[in-house]
Structure formats: structure tokens, C-alpha cells
Amino acid sequence: MKKVRKFFHAAVFAAVAIPFFSGCALGEALLSIGEVFIEDTGIDDVVNVVQSVAKLAEDISAEDSYYIGRTVAANILSNYGVYEDKDLENYLNKICQALVINSSDPYLYNGYHVKILNAPNEVNAYSTSGGHILVTRGLIDCAESEDALAAVIAHEIGHIQLKHSLESIKASRFNDTMNAVGQMFSDDEMGDVSDDILSSMMGSGFSQGQEYDADEKAIELMAAAGYQPSAMIDMLEKMKTYERKSSNKGFFKTHPSPSSRISNLKSFVRKAEKNLENTMEYREDRYDWVMN
């Protein structure tokens with residue numbers, strides 16, 4: 001393959017990249033790469049990387065979201081195992097359906113599904129882009145009402161509907177592409193592109209901002225379905241006890257503290273409950289029947 005010695009000016013690279021990434025950190029990173037001098041690099045390699053960058057902008061289809069999420073869920077389930085209680089599982093799924101059917105995004109490629117993880121001593125929950133919601137038995141035991149269970153599920157639905165998992169997938173695509181670019185340039189030539197951009201876009205788990213956003217979305221979902229939003233505060237207060245026992249482990253390692261989440265939510269809860277009738281007592285009997 002004929003080699004080329006060419007100055008890859010920002011204007012050339014921007015012609016491909018900026019229509020997709022205008023105004024974002026990735027766009028700035030690509031402009032930085034565009035300023036780099038490519039020496040003795042095959043032009044085919046350059047084209048391949050540009051095509052990879054363009055792929056980053058592609059929407060992830062609903063079908064792809066489901067199958068990616070299913071793979072993630074399968075890995076989580078293999079680590080924990082399933083807690084077998086069909087009555088309880090059906091109950092949680094009915095709560096889930098009540099929440100999503102009253103939301104602005106009630107349908108996914110294969111729907112929303114709740115499974116219970118066989119972890120009685122762990123307080124945690126997970127959600128995937130495929131609509132899988134996985135809740136530990138320990139977190140279920142924290143709840144003292146159906147509305148508290150709804151708060152847990154609504155938070156995970158919030159992550160799904162706000163597409164937080166898809167953001168992680170796109171960040172992964174970004175990382176793969178940046179690695180390909182890194183193979184074309186020396187460390188010195190990459191300059192400021194590498195560490196700062198990659199570290200900010202490739203953090204593990206959801207950010208604190210995303211966790212707060214999922215909480216706020218959960219309040220919206222609960223109110224729309226007739227659940228009492230203050231049950232989210234009740235749930236977080238109960239979790240303070242577990243936080244002292246499990247500091248920096250599991251749920252408490254990847255989420256903001258219950259106290260900070262309560263502080264963030266108080267105004268949202270007051271607003272959501274302003275004209276909402278409290279119907280929690282109507283759900284007490286079925287909660288007691290399933291849980292006991």
C-alpha cells in the first residue's frame with residue numbers, strides 16, 4: 001500500500017466529524033486530532049478511523065439495545081443467581097407495569113422485566129438498556145410498603161428511560177475508536193486528547209448526576225401512577241442503616257449517599273405531592289399478603 005506524508009488539517013477532519021459532534025467534548029477532541037501531522041501512515045487506515053468516528057454518531061437500535069442489555073443481565077444473574085419466588089416476582093412486575101404504562105415511554109423492544117437476585121444480605125439494584133431490572137432480595141427487605149418498592153423500581157426505570165446505559169455504550173465505542181487512533185500516532189502526537197477526554201467519558205458506572213436524574217424521574221413516574229413520591233424518601237431513610245454497615249461497598253460505592261439524595265429530592269417530592277391524594281393504605285393488604 002502506497003504510504004502518504006500529509007498534514008491532516010483540522011478542516012479536513014472536521015468535514016467528516018463535526019456535523020455529528022458539534023459542541024461536545026468529542027468534537028473538540030477530534031479537532032485536536034485533526035491538527036496532528038500524520039507521517040508515513042496508510043491513507044486507508046486514516047479512512048477506516050474516520051469511518052469509525054462516524055459510527056459513533058449512529059443511533060443504537062431498539063433491537064441492539066435489547067440484546068446488549070440481555071447480555072449484561074445474563075452476566076449479573078450468573079454472578080448472583082435468581083431468587084425463586086414467583087408470587088413476589090409477579091408482584092414486582094405488576095408494580096413495574098403500573099409505572100411504565102403511565103409514563104411517556106411505556107414500550108421497549110421486548111418490554112420491561114423485573115427479576116430478583118439471590119442476595120439477601122446485599123442492598124443493590126441494576127437496570128440494562130434492554131429493560132431488565134434486577135433487584136436484590138436484601139433491597140426488597142428494606143422496603144416497608146408497596147410504594148417503597150415502587151420507588152426502587154421507578155429509579156431503575158428512570159435509568160432506562162433516560163438512556164443512561166446507552167450513553168455508556170456510546171462511551172465504549174468512543175474508547176475503541178480512540179484506541180485505534182492511538183495506534184496511528186505516537187504518545188507525544190496525541191497530546192491533550194488522551195487522558196482528560198477518555199477519563200471523563202469512560203468512568204465506571206452511572207455518574208452522580210445520572211443517579212440524581214434517575215431519582216427525579218422516579219418521582220415523576222410514581223406520581224403519574226398514583227404512588228406516593230415521599231415513599232422514595234422513606235426508602236432512602238431506611239437505607240441509611242445499611243449504609244453504615246456497608247460503607248463503600250456495592251450500592252453505596254456506586255451511588256450518592258442516601259442523605260444527599262434526600263436533600264436533592266425534597267423539593268421535587270413536595271411539588272409532586274401538592275395535588276396528589278395519598279392512597280398508600282389501599283395497597284397495604286396486598287403488600288402484606290405477598291411479603292408475608
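In this predicted model, E220 has a relative accessibility of 47% and counts as partly exposed. The residue lies in helix α11, which covers residues 208–225. The side chain of E220 meets that of K217 in a salt bridge, with N and O 3.2 Å apart. K217 has a relative accessibility of 12%, so K217 counts as buried, the limit being under 20%.

## Salt bridges

How many salt bridges does a search of the whole structure find? The search finds 9. Three of them are listed here, each with its N to O distance.

| Residue pair | Helix | N to O distance |
|---|---|---|
| K86 and E89 | α5 (86–101) | 3.8 Å |
| R137 and D141 | α6 (137–142) | 3.0 Å |
| K217 and E220 | α11 (208–225) | 3.2 Å |

Why can these partners be about one helical turn apart? K217 and E220 are 3 residues apart in helix α11, which means a separation of about one helical turn. K86 and E89 are likewise 3 residues apart in α5, and about one helical turn separates them. R137 and D141 are 4 residues apart in α6, again a separation of about one helical turn.

The accessibility of the partners can be read in the same way. In α6, R137 is buried, with 13% relative accessibility. Its partner D141 is partly exposed, with 35%. In α5, E89 has 8% relative accessibility and is therefore counted as buried.

The pair in α5 also belongs to a network. K86, E89 and K115 are linked in it by salt bridges.

## Another residue of helix α5

I95 is found in helix α5 as well. Is I95 buried or exposed? With a relative accessibility of 1%, I95 counts as buried. In sequence, I95 and A154 are 59 residues apart, while their C-alpha atoms are 9.1 Å apart in space.

## A sheet of three strands

The structure has an open sheet of 3 strands in the order β3-β5-β4, and the pairing is mixed. β3 (113–117) and β4 (125–127) stand at the edges. Each of these two strands has a single partner, so one side of each is left without a neighbour in the sheet. Neighbouring strands of the sheet are turned by 15° against each other on average, with direction ignored.

Strands of a sheet pair through backbone hydrogen bonds, in a parallel or an antiparallel way. This sheet has both kinds of pairing. β3 and β5 (residues 132–136) run parallel and are joined by 5 bridges. Between β4 and β5 there are 3 bridges, and these strands run antiparallel.

Some bridge partners can be named. On the β3 side, V114 has I133 of β5 as its bridge partner, and I116 has V135. On the β4 side, the partner of A125 in β5 is V135.

β4 and β5 form a hairpin with 4 residues between the strands. In this hairpin, G131 takes a positive phi near 90°.

How many residues of β5 are buried? 5 of the 5 residues are buried, so β5 is largely enclosed by the rest of the structure. In a regular strand the side chains alternate between the two faces of the sheet. In β5, H132, L134 and T136 point one way, whereas I133 and V135 point the other way. The residues on both sides of β5 are buried.

## The second largest pocket

The second largest pocket has a volume of about 230 Å³. It is lined by 19 residues, and those closest to its centre are A62, S65, L108, S129 and K163. Which elements give two or more residues to this lining? They are α4 (62–80), α7 (146–161) and α8 (164–184). By type, the lining residues divide into 8 nonpolar, 9 polar and 2 charged.

K163, one of the residues closest to the centre of this pocket, lies in the loop between α7 and α8. Its phi is near 60°, a positive value in a residue other than glycine. K163 has a relative accessibility of 43%, so this residue counts as partly exposed.

Key. Residues are numbered from 1 along each chain as its sequence is written. This is a predicted model: local features need pLDDT of at least 70, side-chain atom pairs count only at pLDDT 80 or more; totals for chains, interfaces and linings use all residues. Side-chain values use heavy atoms; hydrogens and water are left out. On a 1 Å grid over the protein atoms alone, a cavity is a set of points where a 1.4 Å probe fits but cannot get out, and a pocket is an open set with protein on both sides within 12 Å along at least five of seven lines; lining residues have an atom within 4 Å of a point. Grid points are joined across faces, edges and corners, and a volume is the space filled by probe spheres set on the points. Ala, Val, Leu, Ile, Met, Phe, Trp, Tyr, Cys and Pro count as nonpolar, Asp, Glu, Lys and Arg as charged, and the others, Gly among them, as polar. A salt bridge is a side-chain nitrogen of Lys or Arg within 4 Å of a carboxyl oxygen of Asp or Glu. Buried means under 20% relative accessible area, exposed over 50%, partly exposed in between (1.4 Å probe, protein chains only). Two strands pair if DSSP finds at least two bridges between them. Axes are lines fitted to C-alpha atoms, for helices over the stretch in contact, and angles run from 0 to 180 degrees between N-to-C directions.
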